[in-house]
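Colleague: I would like to learn how to read a single-chain model feature by feature. Please take me through one.

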Amino acid sequence: TCDEIMHDDDGVFAVQEMKLFNNLADMPDDASEIVVSYGIGIDRTDNDVAGRKWKRAIAQLYGYMIEQSVRYGVLSCFNRSWFVHALDDDAVVEMSHSFRSDSGCALLAYAHFMLMAKNDENTKKSFSRRIVIEDLL
């Protein structure tokens, strides 16, 4: 099940998946690197076990977003977080660069992302079950 469901009186507007550090340790900080690596896919014959872990974590978060019918999600391992936004018209998912919890801007970025999710009129519209990742920045 999803670790965190963000909601208010109007309903759910975002989900968050928390992972152990070792599951996301090799996940790139840079969103463009995530786009390239994820585009290669999850190959069970690939020896990149660490890469498979973070790719599965993104797919799991996206599954929770579909389940809750929301377009915003956060993937986190406590010391780093990535923000995810499913776009309106297609199955494209935007990913942010990672934010480290020890940086001063992490809480501000988190608050801004949740505010965007809460105020987005398209947050609760259904979207595709296929995933394509793009750079949010």
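Modeller: What follows goes from the overall fold to a pocket and then to single residues. Bear in mind that this is a predicted model.

Colleague: Where should I begin, and how many helices and strands does the chain have?

Modeller: Begin with the secondary structure. The chain has four helices and seven strands, and along the sequence they come in the order β-β-α-α-α-β-β-β-β-α-β.

Colleague: What share of the 137 residues is buried?

Modeller: Buried residues account for 43% of the chain. The accessible surface is about 7,400 Å², and carbon and sulfur atoms hold 51% of that surface. For the contacts, look at sequence separation: of those between residues at least 6 apart, 62% link residues at least 24 apart.

Colleague: How do I read a pocket, and which elements supply at least two residues each to the lining of the largest one?

Modeller: Take the volume, then the lining, then the classes of residue. The largest pocket has a volume of about 160 Å³. Strand 4 (80-86), strand 6 (99-100) and helix 4 (105-119) each supply at least two lining residues, and helix 4 gives the most, with three. The lining includes Phe78, Phe83, Phe99, Arg100 and Tyr110. By class it has six nonpolar, three polar and one charged residues.

Colleague: Now single residues. Is Lys19 buried or exposed?

Modeller: Compare the relative accessible area with the cut-off. Lys19 counts as buried because its value is 15%, and buried means under 20%. Lys19 sits in the loop between strand 2 (11-18) and helix 1.

Colleague: Which side chains does the side chain of Lys19 meet in polar contacts?

Modeller: One is that of Glu17, at 3.2 Å, and another is that of Gln60, at 2.4 Å. Apart from neighbours within four places in sequence, Lys19 touches Leu24, Ala57, Gln60, Leu75, Ser76, Cys77 and Phe78.

Colleague: And where is Asp29 placed?

Modeller: Asp29 is in the loop between helix 1 (21-24) and helix 2 (31-40). At 31% relative accessible area, Asp29 is partly exposed. Its contacts, not counting residues up to four places away, are Arg80, Trp82, His97, Ser98 and Arg100. With Arg80 there is a polar contact between side chains, at 2.5 Å. Sequence separation can also be set against distance in space: Asp29 and Phe99 are 70 residues apart along the chain, while their C-alpha atoms are separated by 8.0 Å.

Colleague: Which residue does Lys118 meet through a side-chain polar contact?

Modeller: That residue is Asp8, with a contact of 2.5 Å between the side chains. The two are 110 residues apart in sequence and 8.3 Å apart from C-alpha to C-alpha. Lys118 belongs to helix 4 and is partly exposed, at 42%. Leaving aside neighbours within four places in sequence, Lys118 is in contact with Asp8 and Phe13.

Colleague: One last feature, the backbone angle. What phi does Ser69 have?

Modeller: The general idea is that most residues other than glycine have a negative phi. Ser69 is not a glycine, yet its phi is positive, at about 55°. Ser69 lies in the loop between helix 3 (49-68) and strand 3 (72-76), and with a relative accessible area of 28% Ser69 is partly exposed.

Notes. Residues numbered from 1 in each chain as written. Predicted model: local features only at pLDDT ≥ 70, side-chain atom pairs only at ≥ 80, totals over all residues. Heavy atoms only, no water. Buried < 20%, exposed > 50% of the residue type's maximum accessible area, 1.4 Å probe, protein only. Contact = heavy atoms within 4.5 Å. Polar contact = N/O pair within 3.5 Å; in protein donor to acceptor, adjacent residues only side chain to side chain. Areas by Shrake-Rupley, 256 points an atom, 1.4 Å probe, with all protein chains shown as cover. 1 Å grid on protein atoms, 1.4 Å probe; cavity = no way out; pocket = protein on both sides within 12 Å on 5 of 7 lines; lining within 4 Å. Points joined across faces, edges and corners; volume = space filled by probe spheres on them. Nonpolar A, V, L, I, M, F, W, Y, C, P; charged D, E, K, R; others polar.
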